[in-house]
Amino acid sequence: MAMRVPNAPGFSSMLKDGAKHFSGLEEAIYRNIGACKELAETTRSAYGPNGMNKMVINHIDKLFVTNDAATILRELEVQHPAAKMLVLATQQMEQEIGDGTNFVMVFAGALLEYAEDLLRMGLSPTEVIEGYEVALKKTLEILPDLSCGSLKDLTDGTEVTHAIRTAIMSKQYGNEDFLAKLVAQACISVYTKTKTFNVDNVRVAKILGSGVLSSSVVQGMVFKKTVEGDVKRVEKGKIAVYSCPVDSSNTETKGTVLIKNAKELMTYSKEEENVLETQIREIAESGVKVVVAGGKVGDMALHFLNKYNLMAVRLTSKWDLRRVARLIRATVLPRLTPPTEEEAGFCDQVFVSEVGDTPVVIFQQDSDENAVSTVVVRGSTENIMDDVERAVDDGVNTFKALTKDQRFVPGAGATEIELARQLSSYGETIPGLAQYAIKQYAQAFEALPRALAENAGVKSTEVLSKLYAAHQSGNSKVGFDIEAEGADVKDVVEGSIFDAYLTKHWAIKLATNAAITVLRVDQIIMAKPAGGPKAKQGKNDPDDD
């Protein structure tokens, strides 16, 4: 009988074979900080208008070419537990604001990098954490004072365009003015109608062909499909929306029909047709001109729809069905019955058009105030259109943030340098070891203008020295001039480069909390992984968009 050699004494001996255990500064904290720094370094080169694109191929071989940090991190499927904490912080930022994910990643990476220097100097993680918490509190006190104005009227197209331009610029540098105008138009029409704003009400339809500058806004909805019947255009018509198929109805329970001769068979078939014709005739007599179905439209039903001159549109997605109902103010009916006045919707124009060589069905309202707007994005490749869609998404989310808080702060690194300057001065007044952590926290803000400068191919030290010189002389609205030939600075308020106050507030808060969470870990205990195939995380519902 073979003898079993016992494990060495210590914590590892209490765990199953195959389990891993790391503890202490070297093994746990520095290892975690190293992983987070690597991840932050990956997205840092994608920060700002001149950020480089990343080519990411995900687990199902889908190709992404983008500089959007949220997309990159979502598709990378990061496995390291500490780095995952930063990814979770960026996901929280994406859900809360919808923009500023790269800011969170770069800033959290810088905080951990400077924390490592403090730990190597001999400070304990607790002292660093306390210093960071004090610095965060002070930062959130200073930030409101840096506000350089607010959006006075959320329905003024020019003001809104200036406000969301910067967010779009970081994804589509060069097309930002054109796209900002489109997004502003779409957002304002939805906001004016309801006085509340839901991101889901601004849709994006991507149609291959032409170029980005051929994109447009439709006051309504656009679907990449064609109609079922012969009627191709309806103006100022009542619309009935059904979640069921438009076809001869089947009974709820199974039944057997006994037919003895050919005459009975003919009568049965004729009766079925008559029932269907009666249903469609009643719908037509109620004044309805368009039928929107959530299921298939049967051949016999299509014949009667054409006979009574009704347009038939089939939408397979239940979400699209709900959005159309919201746009035309209709109630989705579960059975093929004539709608009442309250249940029927109304649309100024429903027509089939061709964009490029793609047939589309457009539900369009003539007014400038609608429950749903669609930005029709054109582009020469799928990747370009995907990137434009992300830019539009950032613009829409920035508008949403502005509906909650209308304040702006200067962009282009101006806010970060001013925070760094004021925090450094504040750190001098704090007694004890916390002042080292506060000063390093202030220095971490430099990582953002530094990244902007490096990605633009300019010497970052030169830019930082010019920024500090301008801010010391009292001009807190000076930021990095990205359009200049060399390392130059300018008044960003005059250049209309703004960031939403809420975006900055949440990004600083989430990045600091993520960094503190990583620093609080002093042991890593990993159980032996279970065998067998791993379950795929996330939703797999194709309709869930």
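Q: How do you know how helix α4 and helix α13 pack against each other?
A: In this predicted model, helix α4 (residues 101-121) and helix α13 (residues 434-444) have axes 9 Å apart and pack at an angle of about 145°. Two packed helices are described by exactly such a pair of values, the angle between their axes and the distance between the axes. The crossing in which α4 passes α13 is right-handed.

Q: Which residues make the contact of α4 with α13, and what classes do they fall into?
A: From α4 come Phe107, Ala110, Leu111, Tyr114, Asp117, Leu118 and Met121, and from α13 come Tyr436, Ala437, Gln440, Tyr441, Gln443 and Ala444. By class, this contact of α4 with α13 has 10 nonpolar, two polar and one charged residues. Asp counts as charged, and Asp117 is among the residues that α4 brings to the contact.

Q: Why are β5 and β6 called edge strands of their sheet?
A: The sheet is open and has three strands in the order β5-β14-β6, with mixed pairing. β5 (202-208) and β6 (216-218) each have a single partner strand, so one side of each is left without a neighbour in the sheet, and they stand at the edges. From one strand to the next, the twist averages 25°.

Q: What makes β6 and β14 a pair, and in which sense do they run?
A: Two strands pair if at least two bridges are found between them, and β6 and strand β14 (residues 373-379) have three bridges, in the antiparallel sense. One residue of this region, Val218, has Thr374 in β14 as its bridge partner. Helix α11 (residues 382-404) lies across β5 and β14, and runs at about 165° to β5.

Q: How do you know that β12 pairs with β8 and with β13?
A: The requirement is at least two bridges; strand β8 (residues 233-242) and strand β12 (residues 345-355) have six, in the antiparallel sense, while β12 and strand β13 (residues 358-364) have seven, also in the antiparallel sense. Individual bridges can be named for both pairings: Gly237 is partnered by Cys347 in β12, and Val355 by Thr358 in β13.

Q: What do β12 and β13 form, and what is the phi of Gly356?
A: β12 and β13 form a hairpin with two residues between them, and Gly356 in the turn has a positive phi of about 65°.

Q: What is the phi of Lys236, and what is the phi of Arg329?
A: Most residues other than glycine have a negative phi. Lys236, which lies in strand β8, has a phi near 45°, a positive value in a residue other than glycine. Arg329, in the loop between α10 (318-328) and β11 (332-333), likewise has a positive value, with phi near 60°.

Q: Why is Arg329 called exposed?
A: The class of exposed residues begins over 50% relative accessible area, and Arg329 has 60%, so Arg329 is exposed.

Q: Why is Lys232 called partly exposed?
A: Partly exposed covers the range between under 20%, which is buried, and over 50%, which is exposed; Lys232 has a relative accessible area of 41%, and therefore counts as partly exposed. Lys232 lies in the loop between β7 (220-223) and β8. Leaving aside neighbours within four places in sequence, the contacts of Lys232 are with Thr226, Val227, Met311, Val350, Phe351 and Val352. The C-alpha atoms of Lys232 and Val350 are separated by 8.2 Å, although these residues are 118 residues apart along the chain.

Q: What makes Asp153 a partly exposed residue?
A: With buried set at under 20% and exposed at over 50%, the relative accessibility of Asp153, 32%, falls in between, so Asp153 counts as partly exposed. Asp153 has its place in the loop between β4 (149-150) and α6 (157-169), and, not counting residues up to four places away in sequence, touches Glu159 and Val160. The C-alpha atoms of Asp153 and Gln406 are separated by 9.1 Å, with their positions 253 residues apart along the chain counted as the separation.

Q: How many of the residues in the chain are buried?
A: Of the 545 residues in the chain, 49% are buried, which by the cut-off means under 20% relative accessible area.

How values were computed: Residues are numbered from 1 along each chain as its sequence is written. This is a predicted model: local features need pLDDT of at least 70, side-chain atom pairs count only at pLDDT 80 or more; totals for chains, interfaces and linings use all residues. Side-chain values use heavy atoms; hydrogens and water are left out. Buried means under 20% relative accessible area, exposed over 50%, partly exposed in between (1.4 Å probe, protein chains only). Helices (H or I, at least four residues) and strands (E, at least two) are DSSP runs, numbered from the N terminus. Axes are lines fitted to C-alpha atoms, for helices over the stretch in contact, and angles run from 0 to 180 degrees between N-to-C directions. Contact means heavy atoms within 4.5 Å. A crossing is left-handed if the near helix is turned anticlockwise from the far one by less than a right angle, and right-handed if clockwise.
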